[in-house]
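The following report describes how selected parts of a model are packed, moving from individual residues to the core and then to the surface.

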Amino acid sequence: MMDNFIYLMVIVLPILVAIKLIQSTKGVCYFGTSLSTDNEKIVRASSEINSLMWPSKMHSIHLNRSQLREYWTISLHFLGKIKKDNLSDHMNISLALIANSVSSILIFFVFKILFGNEIGCIIFLLYLTSHWPYHVASYMGHVHLAQMFFLVS
């Protein structure tokens, strides 16, 4: 019974935090003038790629900055099908917060397997309540997607 409550908390809490922060950051603007930031160039490139296109083809898009961030651009492309927002940095932040939520859940399960429920809960709550992931989500969110893939592996 207690395990079910812990699993529910581990899954629901990061999702609620992400939803709240996604709503709170609506309309956040890019940090520079038009097409001067990498985030804006990547979001623009993600709207120009095709789902069936070979990933390396995105490098031929003018002013694209997706070098070594191809999966970030592809993920933004799929998020852009749901959420149409190329005018603000909100797509980058939203994807980073979604990846951070998945990472939080995975962190619990990795530490649960290694050290048990109690330690898994402590590490999960420590990660979820620390400032670092949310700071990174607002400036360079592609790090969270890489972290999520690392934890999945």
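Leaving aside neighbours within four places in sequence, with which residues is Gln 147 in contact? In this predicted model, Gln 147 is in contact with Asn 100, Ser 103, Tyr 127 and Trp 132 once those neighbours are set aside. Gln 147 is found in helix α7, and because its relative accessibility is 18%, under the 20% limit, Gln 147 counts as buried. Along the chain, Gln 147 and Phe 5 are 142 residues apart, while in space 26 Å lies between them, C-alpha to C-alpha.

**Three residues and their accessibility**

The table sets out the helix, relative accessibility and class of three residues.

| Residue | Helix | Relative accessibility | Class |
|---|---|---|---|
| Val 12 | α1 | 36% | partly exposed |
| Ser 101 | α4 | 8% | buried |
| Gln 147 | α7 | 18% | buried |

Ser 101, found in helix α4, touches Pro 14, Ile 15 and Ala 18, when residues up to four places away in sequence are not counted.

**The nonpolar core**

The largest nonpolar core has 24 residues, and those with the most contacts inside it are Val 10, Trp 72, Leu 76, Leu 97 and Phe 108. At least two residues of this core are supplied by each of α1, α2 (38-48), α3 (70-82), α4 (90-115), α5 (117-129), α6 (132-139) and α7 (142-152), and α4 gives the most, with eight residues. For Leu 97, the residues touched are Ala 18, Leu 21, Ile 22, Tyr 134 and Ala 137, again not counting residues up to four places away in sequence.

**Helix α6**

Two of the residues touched by Leu 97, Tyr 134 and Ala 137, are buried in α6, as are Pro 133 and Val 136. These buried residues lie on the same side of α6, because they cover an arc of only 160° around the axis. The buried residues of α6 pack against α1, α4, α5 and α7.

**A surface patch**

Which residues make the nonpolar surface patch of about 500 Å²? Leu 8, Ile 11, Val 12, Ile 15, Leu 16 and Ile 19 make this patch. One of them, Val 12, is found in helix α1, which spans residues 2-24, and with its relative accessibility of 36% Val 12 counts as partly exposed. Ile 15, another member of the patch, is also among the residues that the buried Ser 101 touches.

Methods: Residues are numbered from 1 along each chain as its sequence is written. This is a predicted model: local features need pLDDT of at least 70, side-chain atom pairs count only at pLDDT 80 or more; totals for chains, interfaces and linings use all residues. Side-chain values use heavy atoms; hydrogens and water are left out. Patches are made of residues with over 30% relative accessible area and no salt bridge: like charges are joined within 9 Å, nonpolar side chains (Val, Leu, Ile, Met, Phe, Trp, Tyr) within 5 Å. Accessible areas come from the Shrake-Rupley method with a 1.4 Å probe; for residues, only the protein chains shown count as cover. A salt bridge is a side-chain nitrogen of Lys or Arg within 4 Å of a carboxyl oxygen of Asp or Glu. Helices (H or I, at least four residues) and strands (E, at least two) are DSSP runs, numbered from the N terminus. Buried means under 20% relative accessible area, exposed over 50%, partly exposed in between (1.4 Å probe, protein chains only). A nonpolar core is a set of buried Ala, Val, Leu, Ile, Met, Phe, Trp, Tyr and Cys residues joined through side-chain atoms within 4.5 Å. Contact means heavy atoms within 4.5 Å. The arc is that of the directions from the helix axis to the C-beta atoms.
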